[in-house]
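Me: I would like to go through the labels used for this model and see what each one rests on. Please set the value against the cut-off each time.

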Amino acid sequence: MPAPARLTIDLGAVVSNWQFLKSQATHGQCAGVVKADGYGLGADKVGPALYAAGCRQFFVAHLPEGIALRTALPQAEIFVLNGLLPGEVGPYRASRLIPVLNDPGQVALWMKEAQGAAAAIHVDTGMNRLGLRVDEARTLFTEPSVQAYPWRLLMSHFACADEPGHPLNQIQRDAFFDIAKLLPDVPTSLANSSGIFLGTDYHGDLLRPGVALYGVNPVPGKPNPLKSTVTLETSILQVRRVDPGMSVGYGAAHKADRPTRVATVAYGYADGYIRSGSGKGAAYLSGHALPILGRVSMDLLTLDATDLPEALVHPGAMVELFGPSRSVDDVANDAGTIGYEILTDLGRRADRVYIGAR
Ligand SMILES: *Cc1c(COP(=O)(O)O)cnc(C)c1O
């Protein structure tokens, strides 16, 4: 029995986005960030599609994500961002995963126990979240044993890359490339999706895009250079007439001011339609807009179908909640959040259909 909602994921568009992002690099190296199950699209599908297109480096957040991804990608380099906890050297080595080491203790533990296996080092240049402090890095990187170790990658992460004018971008870049001089043979990696568009002097040797692979606009306020990758459609369950003066949904938040035809569809906040999107934006059916009325319920949304041809609006008809007619960024703007959150919450109860795989 099919689920009432269908999430169509275009792996061809993901690959094409990766190729476009890679084309921005002067050195030509571009990884794929597939943490949080490929931002909700399915790391086990996105990973192999990118690998087939030539991507060889992947980033996840958690060790278990890396272990799972190893099954889908037997040959790729898989970096794990969240670092190394005591007792994890064994599991990292067993799955040939590359830890991103975030403090001097993690660096020491890996050097002691990992017998020369590959690892990355993260220097925190302004997030104050994960990574070595710059002064810690400066001390550590002058130790002969650290200098002699075959580090795979030296990285840092931008706090404000989506605001090109923010002064922290340049401060972080300068701090990063300054500290990188102490380990001149180690490849560098600095730019996430938005960072790529700050210019090539913000890149380093390996780009690390995540959200832009999945079609979210990395340059807010400018036209999105990337392709949309996801379409979410859901079924109309019931169509009803609501008389003027009656209300719709919880809190009686919408009051009908005209005879209104309401289409109730099978998608709510438990599916990932964030509740702050109540009463904002519209769904689409054959090019017609159906404005969202009243509050988002757990399992349902109510849409204004008054202005649509009656024959189109019937139980079982599918409406598009986002996709070609309404981007993930539009949904995010309406709900007061960012495309990242919409994507990673995507279609928990939906059937998934993958298209465009080679
Ligand atoms: C999530 C993440 C990325 C990818 O960021 P996007 O903004 O999605 O491109 C890159 N680097 C690190 C350290 C991250 O945590």
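Me: What makes aspartate 201 and arginine 173 a salt bridge?

Reply: In this predicted model, the closest N and O atoms of aspartate 201 and arginine 173 are 2.6 Å apart. The cut-off is a Lys or Arg side-chain nitrogen within 4 Å of an Asp or Glu carboxyl oxygen, so the pair qualifies. The two residues come from distant parts of the chain, 28 residues apart: arginine 173 is in helix H9 (residues 167–180), and aspartate 201 is in the loop between helix H10 (193–196) and strand E9 (230–242).

Me: Why is arginine 173 called buried?

Reply: Its relative accessibility is 12%. Buried means under 20%, so arginine 173 falls in that class. Its partner, aspartate 201, has 43%, and a value between 20% and 50% counts as partly exposed.

Me: How do you know that aspartate 299 and arginine 349 form a salt bridge?

Reply: Their side chains meet at 2.8 Å, N to O, and the limit is 4 Å. Aspartate 299 is in the loop between E14 and E15, while arginine 349 is in the loop between helix H12 (339–344) and strand E17 (351–355), so the salt bridge ties together parts that are 50 residues apart in sequence.

Me: Are aspartate 299 and arginine 349 buried, partly exposed or exposed, and why?

Reply: Aspartate 299 has a relative accessibility of 35%, and arginine 349 has 43%. Partly exposed runs from 20% to 50%, so that is the term for both.

Me: Which other salt bridges can be named?

Reply: Arginine 133 and aspartate 135 meet at 2.9 Å, N to O. Aspartate 135 is partly exposed at 40%. Arg138, Asp178 and Lys181 are linked in a network of salt bridges. The whole structure has 15 salt bridges, but the count between domain 1 and domain 2 is 0.

Me: What makes domain 1 and domain 2 an interface, with that count of salt bridges?

Reply: Contact between heavy atoms does: 9 residues of domain 1 are in contact with 7 residues of domain 2. The domains cover 31–214 and 230–355, and their C-alpha centres lie 39 Å apart. They bury about 760 Å² between them, 65% of it on carbon and sulfur atoms. In domain 1, Tyr39, Leu41 and Val211 lose the most area to domain 2, together 53% of what that side buries.

Me: Where does UniProt place the feature "binding site", and how do you know whether the positions gather at one spot?

Reply: The unreviewed UniProt entry places the feature at Arg129 and Met298. They span 170 residues in sequence and the farthest two C-alpha atoms are 33.4 Å apart, so they do not all gather at one spot. From this set, Arg129 is in the lining of the largest cavity.

Me: Why is arginine 129 called exposed, and what is the term for methionine 298?

Reply: Arginine 129 has a relative accessible area of 57%; exposed means over 50%, so the term applies. Methionine 298 has 42% and is therefore partly exposed.

Me: What surrounds these two positions?

Reply: Arginine 129 is in the loop between strand E6 (120–122) and helix H7 (134–140). Leaving aside neighbours within four places in sequence, arginine 129 is in contact with Asp124 and His157. Methionine 298 is in the loop between strand E14 (288–293) and strand E15 (301–304). With residues up to four places away not counted, methionine 298 touches Gly268, Tyr269, Ala270, Asp271 and Arg349. Arg349 is also the salt-bridge partner of aspartate 299.

Conventions: Residues are numbered from 1 along each chain as its sequence is written. This is a predicted model: local features need pLDDT of at least 70, side-chain atom pairs count only at pLDDT 80 or more; totals for chains, interfaces and linings use all residues. Side-chain values use heavy atoms; hydrogens and water are left out. UniProt positions are given in the numbering used here, feature names are shortened, and annotations may be inferred rather than shown by experiment. On a 1 Å grid over the protein atoms alone, a cavity is a set of points where a 1.4 Å probe fits but cannot get out, and a pocket is an open set with protein on both sides within 12 Å along at least five of seven lines; lining residues have an atom within 4 Å of a point. Helices (H or I, at least four residues) and strands (E, at least two) are DSSP runs, numbered from the N terminus. Buried means under 20% relative accessible area, exposed over 50%, partly exposed in between (1.4 Å probe, protein chains only). Contact means heavy atoms within 4.5 Å. Domain bounds come from an automatic or database domain assignment. Buried area is the accessible area (1.4 Å probe) that two parts lose on being put together, summed over both.
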